[in-house]
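Got your viewer open? Load the model below and follow along, one selection at a time.

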Amino acid sequence: MEPYIDLHVHSSCSDGTLTPREVVRYAAKKGLAAIALTDHDTIRGIAPAREEADKLGIMLIPGIEFSTNYKDRDIHILGLDIDVDNAYFAGSLSRFLDSRNVRNRKMIRLLSEHKIPITWEIMEQRFPEAVWTRAHFARYLLDEGYVSSMAEAFSRYIGDQACCFVPREKVTPFQAIRLIQEGSGIAVLAHPLLYHLSQRELEELTASLKKAGLNAIEAIYSANCGMDEGNMRRLAKKYGLGITGGSDFHGGNKPGIDLGEGRGNLKIPLQIWKNLKGDKKIS
């Protein structure tokens, strides 16, 4: 049986619901040969995930997902096979997280002004090990009964046009690529079709990112349908880029997407990773 992998996975260290160790155990249970832990803007989960992976005999690829800004659009860049011990990378990442914390404090203040009893200390108690994203605020609002769904939390309170939204200072995708390169990683344009760019805009973005050092496009993805994968493979080939694939698994926060399977038909062979690494010794 051909071994399968998943190169886009989130844990409770960002906005997933399983801990890093639980994610690895679940991957082993599902028979995956490897996963990349790609939490948003943090590598905090890599060490425990790697310990668990070593115990269970599966490959743990250290990764990260950066939220960046490009022409007022939210563009995500994955970093795969990051050297998490690189001091320059760690320092730059710490400065990047500072901007997220500033945004979170402002959101807490706005929610409080809208009669939501929330404080920094409450969020720390509720999500002690996580780098908070808007999904954490949505989960809090849902659990406390202020909304009936995560979607309502975004539409009423924290979505881009909602009353408590605070934009965060973001790096550009070009800065993210440079940071990933400093960490000796592989830079990937995540889920390119989710940005709703025109064909011309997507080609312009891809060409610019390629010049900046982009290595690959996430061509295999849970939201793909019809000719999407084929089109993304052709785009990657046109610009001399590799391809990756991932489910974007978040556990209970994305209940329709399963690890290694997406919505049920996702299959990412280990050969995808071998091709990307160019290393026949990967097993």
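Start by selecting the side chains of Asp-15 and His-40: a polar contact of 3.5 Å joins them. (A polar contact is a pair of N or O atoms within 3.5 Å; within protein, one must be able to donate a hydrogen and the other to accept it, and residues adjacent in sequence count only if both atoms are side-chain atoms.) Add Ser-14, whose side chain makes a polar contact of 3.2 Å with the side chain of Asp-15.

A word on ground rules: this is a predicted model, where local features need pLDDT of at least 70 and side-chain atom pairs count only at pLDDT 80 or more, while totals for chains, interfaces and linings use all residues. Numbering runs from 1 along each chain as its sequence is written, and side-chain values use heavy atoms, with hydrogens and water left out.

Next, show the backbone around Asp-15: this residue sits in the loop between strand E1 (5–9) and helix H1 (20–29), with helices (H or I, at least four residues) and strands (E, at least two) being DSSP runs numbered from the N terminus.

Now pick Lys-254. What is its distance from Asp-15? Lys-254 is the nearest side chain of opposite charge, 6.7 Å away, and Asp-15 is buried yet has no salt bridge. Buried means under 20% relative accessible area (1.4 Å probe, protein chains only); a salt bridge needs a side-chain nitrogen of Lys or Arg within 4 Å of a carboxyl oxygen of Asp or Glu. Lys and Arg count as positive, Asp and Glu as negative; His and the chain ends are not counted.

Finally, select the contacts of Asp-15 (heavy atoms within 4.5 Å) beyond four places in sequence: among them are His-10, Thr-133, His-136 and Asn-253. Zoom out, and buried residues make up 51% of the 283 in the chain.

How values were computed:
Buried < 20%, exposed > 50% of the residue type's maximum accessible area, 1.4 Å probe, protein only.
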